[in-house]
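Q: Could you take me on a close look at the largest pocket in this model? I would like to know what lines it and what lies around it.

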Amino acid sequence: KMEQQQQQQQLRGLRDFLLAYNQMTELCFQRCVSNLNYRALTGEEESCLDGCAGKLVRSNHRLMAAYVRLMPSLVQRRISDYEAAAPEAALPPAEPPAALPAPA
């Protein structure tokens with residue numbers, strides 16, 4: 001079961017990566033390639049694509065770094081909000097009182 005969950009998580013990660021890659025490719029292609037009459041890219045198109053892709057990759061790295069830095073505080077806030085919303089759920093169940101010893 002654990003192995004299956006890991007595989008599903010890896011597939012989700014791959015899907016997310018491919019989605020981001022395809023979006024970046026489409027955006028940069030639309031922005032930089034204006035003439036489809038030639039098989040090869042022009043020098044200007046290549047330069048534009050390098051700059052476009054580089055900018056998107058760098059901005060993605062900055063966003064991920066901010067996410068990693070902020071994630072622990074976000075998780076802690078969610079835990080606090082959950083505990084405040086359901087305080088009885090956060091407490092362990094009460095144990096019944098211990099029986100008093102019978103009189104001798």
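**The largest pocket and its surroundings**

A: Happy to! Let's begin with the whole chain: this is a predicted model, and its secondary structure comes to 3 helices and 0 strands. Reading along the sequence gives the pattern α-α-α. The chain has 104 residues, of which 9% are buried. About 9800 Å² is exposed, with carbon and sulfur atoms supplying 59% of that area.

Now to the pocket you asked about. The largest pocket has a volume of about 290 Å³. Two helices, H1 (2–32) and H2 (43–85), each supply at least two residues of its lining. H1 gives the largest share, 6 residues. If you would like to pick out the lining in your viewer, look for Phe17, Ala20, Tyr21, Gln23, Met24, Leu27, Leu56, Val57, Asn60 and His61. By character, the lining divides into 7 nonpolar residues, 3 polar ones and no charged ones.

Met24 is a good residue to follow from here. Met24 belongs to the lining of the largest pocket, and its contacts, leaving aside neighbours within four places in sequence, are with Ala53, Leu56 and Val57. Leu56 and Val57 are also among the residues that line the pocket.

Met24 leads on to the nonpolar core as well. The largest nonpolar core has 6 residues in all: Met24, Cys28, Cys32, Val33, Leu49 and Cys52. The elements that give two or more residues to this core are H1 and H2, and the largest share, 3 residues, comes from H1. As general background, nonpolar side chains in soluble globular proteins tend to be buried together.

Finally, a word on the loop between these two helices. Ser34 has its place in the loop between H1 and H2. Ser34 counts as exposed because its relative accessible area is 72%, and the cut-off for exposed is over 50%. The C-alpha atoms of Ser34 and Glu45 are separated by 8.2 Å, and these two residues are 11 residues apart along the chain.

So, to return to your request: the lining of the largest pocket draws at least two residues from each of H1 and H2, and Met24 appears both in that lining and in the largest nonpolar core.

Conventions
Residues numbered from 1 in each chain as written. Predicted model: local features only at pLDDT ≥ 70, side-chain atom pairs only at ≥ 80, totals over all residues. Heavy atoms only, no water. 1 Å grid on protein atoms, 1.4 Å probe; cavity = no way out; pocket = protein on both sides within 12 Å on 5 of 7 lines; lining within 4 Å. Points joined across faces, edges and corners; volume = space filled by probe spheres on them. Helix = DSSP H or I, 4+ residues; strand = E, 2+ residues; numbered from the N terminus. Nonpolar A, V, L, I, M, F, W, Y, C, P; charged D, E, K, R; others polar. Core = buried A, V, L, I, M, F, W, Y, C linked by side-chain atoms within 4.5 Å. Buried < 20%, exposed > 50% of the residue type's maximum accessible area, 1.4 Å probe, protein only. Contact = heavy atoms within 4.5 Å. Areas by Shrake-Rupley, 256 points an atom, 1.4 Å probe, with all protein chains shown as cover.
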